[in-house]
Amino acid sequence: MKIFTFLILLMFCSISIAQKVNYSPLYFGPNANPVSQFSDARIPTNTTIELARENYFGFGDHTRNFKFSVEVPLFSERVSLKVWTAMLEQWQVTQEIYDFRQMQGSELSGTANGDIYVQTRILILTENTVRPSIVLNSTLKTASGTHYLQRRYFDTPGYYFDVEIGKSVHSGSRFLNEARVVANAGFLCWETTNSTQNDAIMYGGKIILSNRLFDFENTLAGYHGWMNNGDSPLVYFSRLTFKQANFNLFAQFQYGINDFPYYGVHIGISRAFPKLTPK
């Protein structure tokens, strides 16, 4: 009887401790549940692979990792499959952040690997001179990220649905021949503790200025959860892409405005592979 009572008390103590963990971007690493970086509301013509080196800093957490993504168009630029993940993450936090996040263990630095995102993208409406393009995204996040006790990644899965709406305006200028506006809206859900889930409204907008040499993107995006525990991040992204004959180079600056305590600098390369594109 005493053993049974002890086990019951231990179970309730464990639940109580678990409930104190805030499953939100304010209390975890920058790759745990980031703001979605939506595209330009287009399906690519060819399979595209992207590799970036990401550096997050400021506010007591310095994180460096690689990010790999691949998008494969499946049906004549109508449907694509996209997969991405953060890899080989190196992190270091201050004692203040350690205490704030209620991290476990004695380490203030370490390595981790991220969750895997699998996304299906469907072109709902094709753009013409009057109407915009509309793309529907359905995304699943695995719970494969490591080092939950160090608050690097959630130990729970998640998913989201969102819609991208984009429209371009073209001009005859050689310096700026296209300006594109893209809006994003959706619904994000992830599990927390005791079978409770957080539901959030996703939102965002971006402007892309383009010519034959570069694309310049400025994006404001975020989501708003219902738990009010640091679950309403708002982030500004600025990205400059240099177009080359066979590949693109890009640099991105990221600034957390609310519930995302990081600055970010990303540098990477992307390339289209026609031979890897399904016919």
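1. A quick word on terms before we start: strands here are DSSP runs of E, at least two residues in length, numbered from the N terminus. Please keep in mind that this is a predicted model. With that in place, Q252 can be located in strand β12, which covers residues 248–258.

2. Is Q252 buried or exposed? Its relative accessible area is 6%, and because buried means under 20%, Q252 counts as buried. Its side chain has a polar partner: the side chain of Q37, at 3.2 Å. Setting aside neighbours within four places in sequence, Q252 touches Q37, F237, S238, R239, G264, V265 and H266.

3. You may enjoy looking at the largest nonpolar core, which holds 26 residues. Those with the most contacts inside this core are Y23, F28, V35, F154, L188, W190 and Y223. Two or more residues each come from β8 (178–191), β9, β10 and β11 (234–243). Another core, of 8 residues, lies apart from it and includes W91, V93, I97 and Y153.

4. V35 deserves a look of its own. Beyond its neighbours within four places in sequence, V35 is in contact with A221, G222, Y223, P233, V235 and F237.

5. Now for empty space: how many cavities of 30 Å³ or more does a search of the whole structure find? The search finds 1, and the volume of the largest cavity is about 30 Å³. V35 appears again in its lining, together with S36, N184, M202, Y203, A221 and G222. Both β9 (197–210) and β10 (214–225) supply at least two lining residues. By type, the lining has 4 nonpolar residues, 3 polar and no charged.

Terms used: Residues are numbered from 1 along each chain as its sequence is written. This is a predicted model: local features need pLDDT of at least 70, side-chain atom pairs count only at pLDDT 80 or more; totals for chains, interfaces and linings use all residues. Side-chain values use heavy atoms; hydrogens and water are left out. On a 1 Å grid over the protein atoms alone, a cavity is a set of points where a 1.4 Å probe fits but cannot get out, and a pocket is an open set with protein on both sides within 12 Å along at least five of seven lines; lining residues have an atom within 4 Å of a point. Grid points are joined across faces, edges and corners, and a volume is the space filled by probe spheres set on the points. Helices (H or I, at least four residues) and strands (E, at least two) are DSSP runs, numbered from the N terminus. Ala, Val, Leu, Ile, Met, Phe, Trp, Tyr, Cys and Pro count as nonpolar, Asp, Glu, Lys and Arg as charged, and the others, Gly among them, as polar. A nonpolar core is a set of buried Ala, Val, Leu, Ile, Met, Phe, Trp, Tyr and Cys residues joined through side-chain atoms within 4.5 Å. Buried means under 20% relative accessible area, exposed over 50%, partly exposed in between (1.4 Å probe, protein chains only). Contact means heavy atoms within 4.5 Å. A polar contact is a pair of N or O atoms within 3.5 Å; within protein, one must be able to donate a hydrogen and the other to accept it, and residues adjacent in sequence count only if both atoms are side-chain atoms.
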